[in-house]
Amino acid sequence: MNEPAALLSHAAIRRGAPWLSNQGPHSDVVLSSRVRLARNLGAFAFLSRCSATDRTHILAACRKHVVAACQNLPPASPEHRVPPPTEDDPARLLWVEVHRLSAVDRQLLAERHLISKEHAKGAEPRAAAITLPDERLSVMVNEEDHLRIQVLHSGLALADGYTLINEVDDRIESGLDYAFLPRFGYLTACPTNVGIACRMSVMLHLPAVRLTGRIEQVRRAAKDMCLALRGFQGEGSESAGDLYQISNQTTFGKTEAVVMQELQEHIVPQVIEFERRARHELLSGSRRIQTADQCWRALGLLRSARQVSTEEALATLSLVRLGVHLGLFEDTSPGPAALPAPAEPLISQLIVLTQPAHLQRLAGRELSQQERRIARADLLRTALGG
Amino acid sequence: MKCDCCANPATIHEVTIHSGKRMERHLCENCARAQGVVVQSQPPVTQVIADLLKGHAITPPWVGPDDPAANPAAANPAPGACAACGLKFAEFRQGGLLGCPRCYMSFAEALAPLLERYHQGATHHVGKVPRRFAARIASLTRPLMQEGGPPGESADEARGRARLVAAIAAEREARITELRKQLDAAVAAEDYRRAALLRDELLRVTSEAREAGGGTPIGGGGPSA
Ligand SMILES: [Zn+2]
Ligand SMILES: [Zn+2]
């Protein structure tokens, strides 16, 4: 499609998403942590009752303050290993009017979780601010609420995420009047978000819990604590690639600190423990050979397939990732160890690199669904040495 | 917000609709006079506070979506509809989304049981408060808290002031009660980490109340304020 100015550099696209860098605490199970705030301006109606002109006014009112707030942020702690700024890829803020982007660019941002799928759709005026090259902070303007601010980190890192987002929120608020009432807190278009209007979530990789038939137990435990368990692609999607998101349901009547503590100290460590025990079980006794067989077959499939769908890629990569973290691919006996064992963070990054918009940007042109399946298979074979 | 014309803080905010286009001007009082903008006298402080408590002054009362010219739907709201945006509660039940910030006041009583259901029985916000909001409330309420009131206060005004002071105290009490309830529950569950977090928050709310002269913080200030 020959667009002169690329939204993200080719190098950035090729290295994948920083939140999938497999760094940070508990990254064998926790892929990433996200903190999101919803904010609205007091002087405007919520977006469902805004005209295109109102939306343009909101964009104009927010732009200056959002851009100022996202500059000169405290550096990421070294443990997050976000890509450091370089001469070719300096630290900067990307402000994009999402409604003017091509369909592929919108999807590219959504695949990297920098904007929501809902924000990627629609022709009404909307924007996003994204910090580069670290991609840890993004602000959506005119999503369901006037402002949705989010911080994404690899591994279990809600506390660092909240510290950063709290600072950015204060900076934005220093120039804008937020809609707020003492009784109800931060006012949001949907009352399920009102109060602290803060959603914290962690993305978990739970292949062993599924293989041992215990996902329902996790779901029940989450529900008992009023937490939501969703698939990777959000609501409804059933566990593509054994990726699950746990997030707080309650935003009203609880402080930010309490919500974080519930997730970070109660439910998430339990689920991590649950997955690790299930992984242990998969390696014990006669189960070991069955597990090794499953993971090796998955690797073999990706090393030889000539066309692969998104769903198949996610499901198969899940087993390969499991095999990597169980150390199954180090054991090549008997037989020649001709190919290097697959390793992190490549395996985690392939989750995003095999998504449609990424494949098209890597190819440098639009691809049909059939062409994408072939490109996906080529990419996986190259990456895994097939 | 700075004045559009000079570096002084803007105190006059004007929204006009000109052939369907919304125009905003933010000016300091001097520039506003110089440009011939009629400087409206601000509503009395007690009125602003009463509105804030009820939620009618989320924004300065002279701007916002309730400006009928800016929002035709609000010019003649149907009975039972939000006076600011015209949304009917039935429409909210259908679509799940409220129409504007003031809907929370328009439908406060109908929303309360829904919020309790969505949010584990909660009845009151606890947690972060925007700094500007907290600062504004504090500056507005501080004079009201002083013994004796402003010079030349009538008996009616004094009674009105006493009611406001009581309402502000009640608002703060609701936050403290909510936190105490959660603290007791945390202690009963032997969740001492959570109890410590809640105790910190309680201390913050009560100490800010004391600092502000006995009753100010409806909000209480952000965590790092
Ligand atoms: Zn001026
Ligand atoms: Zn309304």
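**Exercise 1. The span of helix α5**

Task: For helix α5 (residues 158–173) of chain A in this predicted model, work out what end-to-end span is expected at 1.5 Å a residue, and which residues of the helix are buried.

Solution: Begin with the length, for helix α5 of chain A has 16 residues. The expected span is 1.5 Å times one less than the number of residues, and for this helix it comes to 22 Å. From its first C-alpha to its last, the helix reaches 22 Å, close to that expected value. Turning to burial, the step needs the cut-off that a buried residue has under 20% relative accessible area. The residues of α5(A) that count as buried are A:Leu158, A:Gly161, A:Tyr162, A:Leu164, A:Ile165, A:Asn166, A:Val168, A:Asp169, A:Asp170, A:Ile172 and A:Glu173.

**Exercise 2. From the helix to the nonpolar core**

Task: Which residues touch the most other members of the largest nonpolar core, and which helix gives the core its largest share?

Solution: The largest nonpolar core holds 63 residues, and those touching the most other members are A:Val66, A:Leu147, A:Ile149, A:Ile172, A:Met200 and A:Ile246. The largest share of this core, seven residues, is supplied by helix α8 (residues 256–282) of chain A. A second core, separate from this one, has 37 residues, among them A:Ala278, A:Leu299, A:Val324 and A:Ile351. To link the core back to helix α5, take A:Ile149 and set aside its neighbours within four places in sequence: its contacts then include A:Ile165, A:Val168, A:Asp169 and A:Ile172, each of which is listed among the buried residues of α5(A). Other contacts of A:Ile149 include A:Val35, A:Leu37, A:Leu137 and A:Val139.

**Exercise 3. Unusual backbone geometry in loops**

Task: Where in chain A do A:Pro133, A:Pro345, A:Ala197 and A:Asp242 lie, and what is particular about the backbone at each place?

Solution: Take the prolines to start with. The peptide bond joining A:Leu132 and A:Pro133 is cis, with omega about 0°, and A:Pro133 lies in the loop between β3 (127–132) and β4 (137–141). A cis peptide bond also joins A:Glu344 and A:Pro345, again with omega about 0°, and A:Pro345 is in the loop between α10 (310–326) and α11 (346–353).

Next come two residues other than glycine with a positive phi. For A:Ala197, phi is near 50°, and this residue is found in the loop between β7 (185–186) and β8 (198–205). For A:Asp242, phi is near 55°, and the residue lies in the loop between β9 (227–231) and β10 (243–248). Finally, ask about accessibility: A:Ala197 counts as buried because its relative accessibility is 4%, and A:Asp242 counts as buried because its relative accessibility is 3%.

**Exercise 4. Two loop residues**

Task: Are A:Glu87 and A:Ile115, each in a loop of chain A, buried or exposed?

Solution: A:Glu87 is placed in the loop between α2 (52–69) and β2 (92–97), and it is exposed because its relative accessible area is 81%. Its C-alpha is 37 Å from that of A:Leu41, with the two positions 46 residues apart in sequence numbering. A:Ile115 is in the loop between α3 (103–111) and α4 (117–120), and it counts as buried because its relative accessibility is 4%. A:Ile115 and A:Ser138 are 23 residues apart in sequence, and their C-alpha atoms are 7.5 Å apart. Leaving aside neighbours within four places, A:Ile115 is in contact with residues including A:Val98, A:Leu109, A:Ala128 and A:Met140.

**Exercise 5. The zinc site in chain B**

Task: Which atoms coordinate the zinc ion (ligand 2), and what is the geometry of its site?

Solution: Start from the chain, whose secondary structure comes to nine helices and two strands, and of whose 225 residues 44% are buried. The zinc ion (ligand 2) is coordinated by the SG atoms of B:Cys82, B:Cys85, B:Cys100 and B:Cys103, at 2.3 to 2.4 Å. The angles among the four donor atoms run from 99 to 121°, and the site is tetrahedral. Along the chain, the donors follow the spacing C-x2-C-x14-C-x2-C. As for accessibility, B:Cys100 and B:Cys103 are both buried; B:Cys85 counts as buried because its relative accessible area is 1%, and for B:Cys100 the value is 0%. As a last check on the cysteines, the number of disulfides over all chains is zero.

Conventions
Residues are numbered from 1 along each chain as its sequence is written. Chains are lettered from A and ligands numbered from 1 in the order in which they are written. This is a predicted model: local features need pLDDT of at least 70, side-chain atom pairs count only at pLDDT 80 or more; totals for chains, interfaces and linings use all residues. Side-chain values use heavy atoms; hydrogens and water are left out. Donors are N, O and S atoms within 2.8 Å of the metal (3.2 Å for Na, K and Ca); water is not among the atoms, so sites may look incomplete. Four donors count as tetrahedral if all angles lie between 85 and 135 degrees; four count as square planar and six as octahedral if opposite donors are over 155 degrees apart and all others between 65 and 115; anything else is irregular. Buried means under 20% relative accessible area, exposed over 50%, partly exposed in between (1.4 Å probe, protein chains only). A nonpolar core is a set of buried Ala, Val, Leu, Ile, Met, Phe, Trp, Tyr and Cys residues joined through side-chain atoms within 4.5 Å. Helices (H or I, at least four residues) and strands (E, at least two) are DSSP runs, numbered from the N terminus. Contact means heavy atoms within 4.5 Å. A disulfide is a pair of cysteine sulfur atoms within 2.5 Å.
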